[in-house]
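Got a new structure to look at? Let's walk through it together.

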Amino acid sequence: MTENSLLRGRKLGFIGVGNLGRSVIKALIESKSVRSDQVWATNRTSRKLQKAAAEFGIHSFENNEELVAECDVIFLGMKPQDLYSAIEPMASDFTEAHTVVSFAAGISLSALKKMLPQVKKIVRVIPILLCG
């Protein structure tokens, strides 16, 4: 395995395993950047979560608070209109040690920093999924 040195030993948590979250998880595991046992996930609907856990061999949590407590890198994979309501109840659970990666289009970096002022490493990613 050629595990990515930036991700070695890190625990990755995905809040939301819709099409985008699943695509990123699949790419990270298939490229051998991470092992499946380094990945945790939550999802609003348990069906999608169970499907992702079975397909990729990842861990799952029933709630976001557990995921934030367990993981080092948190991927925000929910729809932009759901981000505030998902993050607000657990915003204080994030620490300076977390890295947060947001896929939420339309949510600016400054808005993310206001929601999570204690987090020093916030990344905003605008993905492009090719359909063929």
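What follows is a short round of questions and answers on rings and pockets.

This is a predicted model, where local features need pLDDT of at least 70 and side-chain atom pairs count only at pLDDT 80 or more, while totals for chains, interfaces and linings use all residues. Residues are numbered from 1 along each chain as its sequence is written, and side-chain values use heavy atoms, leaving out hydrogens and water.

Q: How many aromatic pairs are there?
A: Rings of Phe, Tyr and Trp (its six-membered ring) pair if their centres lie within 6.5 Å, and planes under 30 degrees apart count as stacked, over 60 as edge-to-face and the rest as tilted. By this rule, the count is two.

Q: Which residue forms a stacked pair with Phe14?
A: The centres of the two rings are 4.3 Å apart, with 0 degrees between the planes. Phe14 lies in strand E1 and its partner in strand E4 (strands are DSSP runs of E, at least two residues, numbered from the N terminus), so the pair ties together parts 61 residues apart in sequence. That partner is Phe75.

Q: Is Phe103 buried or exposed?
A: Buried means under 20% relative accessible area, exposed over 50%, and partly exposed in between (1.4 Å probe, protein chains only). Phe103 has a relative accessible area of 10%, so Phe103 is buried.

Q: Which residues do ring pairs link into a cluster?
A: Phe75 also stacks with Phe103, at 5.9 Å centre to centre and 25 degrees between the planes. The ring pairs therefore join up into a cluster. Its members are Phe14, Phe75 and Phe103.

Notes. Helix = DSSP H or I, 4+ residues; strand = E, 2+ residues; numbered from the N terminus.
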